[in-house]
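Here are my notes on the model you sent over. I've kept them as numbered points, so you can follow along with the structure open beside them.

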Amino acid sequence: MASDADLPLLRRPTAILTSFDIYESKTLLCIVGSNESEGYYRVLRITRGTDDVRKMVEDDMVSHSRDGIHQLVSRLLTSGMRLLVSNVCGILGFVRFTKGCYISLVAKRKPVALLGGHYIYHVEDTRLISVAFRPERSEVEEKCITTFKNVDLTKNFYYSHTYDITHTLQKNVLLNGEPERHYHGMFVWNYQLI
């Protein structure tokens, strides 16, 4: 039986991305996701100047090598992009208020439990960044942003990259390690953002 290392990069199972760096220029946001322990990387490019996040483009390659990603980052920096955010723990989703689109990020987390080898994290800090380079914000837009930021995720928001915490332990055991992609909506507050 072949191991994952024997499979071509494009046929390997998708690894979980555990860290994100976001680079910006006036016209582009570039999100570099990584899982350093598995040597897995993905890149998402978002063209600024459009309010349609469906215009995001993921690089054709499913993953990059460590050297390849370092070369890509070097090219980004020499092309005039700058590092906007480093070592983000997760992306909660995209939100639109009255005008522009924003990305909601987990800026800091703390492991609080380990269930069957799966880490459960508590959100310690979040960040909201604009997809637009310098967004024009109306009074209503500012009020919406303030209201959104008042949702304090640091009190009782938990997540896991590998364990479905929206279902009971019994249901997860019955799945026998096979992830079910039908999350229990009552416990996924950011369903619409995703």
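1. A definition before we start: two strands count as paired here if DSSP finds at least two bridges between them. With that in hand, strand 1 and strand 2 (residues 28-35) are an antiparallel pair with six bridges. Please keep in mind throughout that this is a predicted model.

2. The overall layout next. The protein chain has four helices and nine strands. Reading from the N terminus, the order of elements is β-β-β-β-α-β-β-β-β-α-α-β-α. Of the 194 residues, 36% are buried. The exposed surface of the protein chain comes to about 12,400 Å², with 53% of that from carbon and sulfur atoms. If you take the contacts with a separation of 6 or more, 53% of them join residues 24 or more positions apart.

3. Back to strand 1, which has neighbours worth a look. A hairpin of three residues links strand 1 to strand 2, and Tyr23 sits opposite Cys30 of strand 2. Strand 1 also pairs with strand 5 (residues 82-88), again antiparallel, over four bridges. On that side, Phe20 has Val88 of strand 5 as its bridge partner. How enclosed is strand 1 by the rest of the structure? Largely so, because five of the six residues in strand 1 (residues 19-24) are buried.

4. A word on cysteines, in case you were planning to ask. Cys30 is buried, because its relative accessibility is 0% and the cut-off is under 20%. Cys89 is buried too, at a relative accessible area of 11%. How many disulfides does the structure hold? Zero.

5. Now the nonpolar interior. The largest nonpolar core has 16 residues, and those touching the most other members are Ile22, Leu29, Ile46, Ile103 and Ile129. At least two residues of this core come from each of strand 1, strand 2, strand 3 (40-47), strand 5 and strand 7. Another core lies apart from it, with eleven residues, including Tyr41, Val73, Leu76 and Met81.

6. Ile129 is a good residue to click on if you want to see that largest core from the inside. Beyond its neighbours within four places in sequence, Ile129 contacts Ile22, Leu84, Val85, Cys101, Tyr102, Ile103 and Leu105.

7. Then there is the sheet further along the chain. Four strands form an open sheet in the order 6-7-8-9, with antiparallel pairing. Strand 6 and strand 9 (158-159) are at the edges with a single partner strand each, so each has one side without a neighbour in the sheet. Strand 7 and strand 8 are joined antiparallel by twelve bridges. To find your place in that pair, look for Val106, which stands opposite Thr126 in strand 8.

8. Helix 2 is the element I'd look at alongside that sheet. Which residues of helix 2 (residues 139-149) are buried? They are Glu141, Ile145 and Phe148. These three lie on the same side of helix 2, because they span an arc of only 65 degrees around the axis. Note that a glutamate is in that buried set, as Glu141. On the face turned away from the buried side you'll find the exposed residues Glu139, Val140 and Lys143. As for what the buried residues of helix 2 pack against, that would be strand 6 (90-96), strand 7 (101-115) and strand 8 (118-130).

9. Ser104 shows the helix and the sheet meeting at one residue. Ser104 belongs to strand 7 and is buried, because its relative accessibility of 3% falls under the 20% cut-off. Setting aside residues up to four places away in sequence, Ser104 touches Ile91, Leu92, Gly93, Arg127, Leu128 and Phe148. Phe148 in that list is one of the buried residues of helix 2.

10. Last, a residue from the outside. Asn156 is part of helix 3 (residues 153-156). Is Asn156 buried or exposed? Exposed, because its relative accessibility is 60% and the cut-off for that is over 50%. Asn156 and Val123 have C-alpha atoms 7.9 Å apart in space, while in sequence the two residues are 33 residues apart.

Note on methods:
Residues are numbered from 1 along each chain as its sequence is written. This is a predicted model: local features need pLDDT of at least 70, side-chain atom pairs count only at pLDDT 80 or more; totals for chains, interfaces and linings use all residues. Side-chain values use heavy atoms; hydrogens and water are left out. A disulfide is a pair of cysteine sulfur atoms within 2.5 Å. Buried means under 20% relative accessible area, exposed over 50%, partly exposed in between (1.4 Å probe, protein chains only). The arc is that of the directions from the helix axis to the C-beta atoms. Contact means heavy atoms within 4.5 Å. A nonpolar core is a set of buried Ala, Val, Leu, Ile, Met, Phe, Trp, Tyr and Cys residues joined through side-chain atoms within 4.5 Å. Accessible areas come from the Shrake-Rupley method with a 1.4 Å probe; for residues, only the protein chains shown count as cover.
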